[in-house]
Each structure stands twice: as structure tokens, then as C-alpha cells.
Amino acid sequence: MKLSIFIAQLQKLESEGHGDKEVFFRHGASGDCGELSSAFVTDNVDECGPFDLEPGEEYVSIYAGN
């Protein structure tokens with residue numbers, strides 16, 4: 001998913017009156033859930049992926065948990 005699509009989805013939720021709600025994550029495969037912590041741009045490829053980046057290509061990483 002591209003950042004602009006994710007932002008548009010969030011803006012739609014906010015425009016529907018949900019802007020005051022807390023945000024949590026749920027991981028589909030494991031069922032783990034918790035709070036979102038931060039977001040940043042990186043080119044680091046590690047055990048969490050993404051695995052198909054070209055060298056130096058950047059992506060947005062959203063950190064979940066403490």
C-alpha cells in the first residue's frame with residue numbers, strides 16, 4: 001500500500017466523524033494487537049521486510065508496540 005492511499009483511508013474515517021478515536025493495530029497472521037507508536041522513512045531491509053527493495057530504495061515504516 002502506498003502512503004497516499006493509507007492517508008486517504010484515514011482522512012475518510014476522520015471525515016466520517018471518527019477523528020477522536022484511538023488507533024490500534026492487528027496482525028492478520030498472528031492475531032497480535034496493540035498500539036501504533038511512530039512512523040518514519042527508512043531503506044533498512046530486515047527480518048520484517050520489505051524484501052524486494054532496490055538498494056537505497058526507501059519506504060515508510062510504522063512501528064507498533066512500546
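Biologist: Happy to start with one residue: in which strand is the place of Ile62?
Modeller: This is a predicted model, and Ile62 is one of the residues that make a nonpolar surface patch. The element that holds Ile62 is strand 3.

Biologist: Is Ile62 buried, partly exposed or exposed?
Modeller: Buried would need under 20% relative accessible area, and exposed over 50%. Ile62 has 39% relative accessibility, so the label is partly exposed.

Biologist: Nice, and which elements each supply at least two residues of the nonpolar patch?
Modeller: The patch covers about 550 Å² and is made by Leu3, Ile7, Val23, Leu36, Val41, Val60 and Ile62. Its suppliers of at least two residues each are helix 1 (3-18), strand 2 (33-42) and strand 3 (59-64).

Biologist: Which are the edge strands of the sheet?
Modeller: The sheet is open, with three strands in the order 1-2-3 and antiparallel pairing. An edge strand pairs on one side only, and that picks out strand 1 (24-26) and strand 3. On average, neighbouring strands here are turned by 55° against each other, direction ignored. The edge strands, then, are strand 1 and strand 3.

Biologist: What is the bridge partner of Leu36 in strand 3?
Modeller: Strand 2 and strand 3 run antiparallel as a pair, joined over six bridges. Leu36, which also belongs to the nonpolar patch, has as its partner in strand 3 Ala64.

Biologist: Good to know! Which element has the lowest mean pLDDT?
Modeller: For the chain, the mean pLDDT is 89, and 100% of the residues reach 70 or more. Among the elements, helix 1 has the highest mean, 96. The lowest, at 88, belongs to strand 3.

Definitions and conventions: Residues are numbered from 1 along each chain as its sequence is written. This is a predicted model: local features need pLDDT of at least 70, side-chain atom pairs count only at pLDDT 80 or more; totals for chains, interfaces and linings use all residues. Side-chain values use heavy atoms; hydrogens and water are left out. Patches are made of residues with over 30% relative accessible area and no salt bridge: like charges are joined within 9 Å, nonpolar side chains (Val, Leu, Ile, Met, Phe, Trp, Tyr) within 5 Å. Accessible areas come from the Shrake-Rupley method with a 1.4 Å probe; for residues, only the protein chains shown count as cover. A salt bridge is a side-chain nitrogen of Lys or Arg within 4 Å of a carboxyl oxygen of Asp or Glu. Helices (H or I, at least four residues) and strands (E, at least two) are DSSP runs, numbered from the N terminus. Buried means under 20% relative accessible area, exposed over 50%, partly exposed in between (1.4 Å probe, protein chains only). Two strands pair if DSSP finds at least two bridges between them. Axes are lines fitted to C-alpha atoms, for helices over the stretch in contact, and angles run from 0 to 180 degrees between N-to-C directions. pLDDT is the predictor's confidence in each residue, from 0 to 100.
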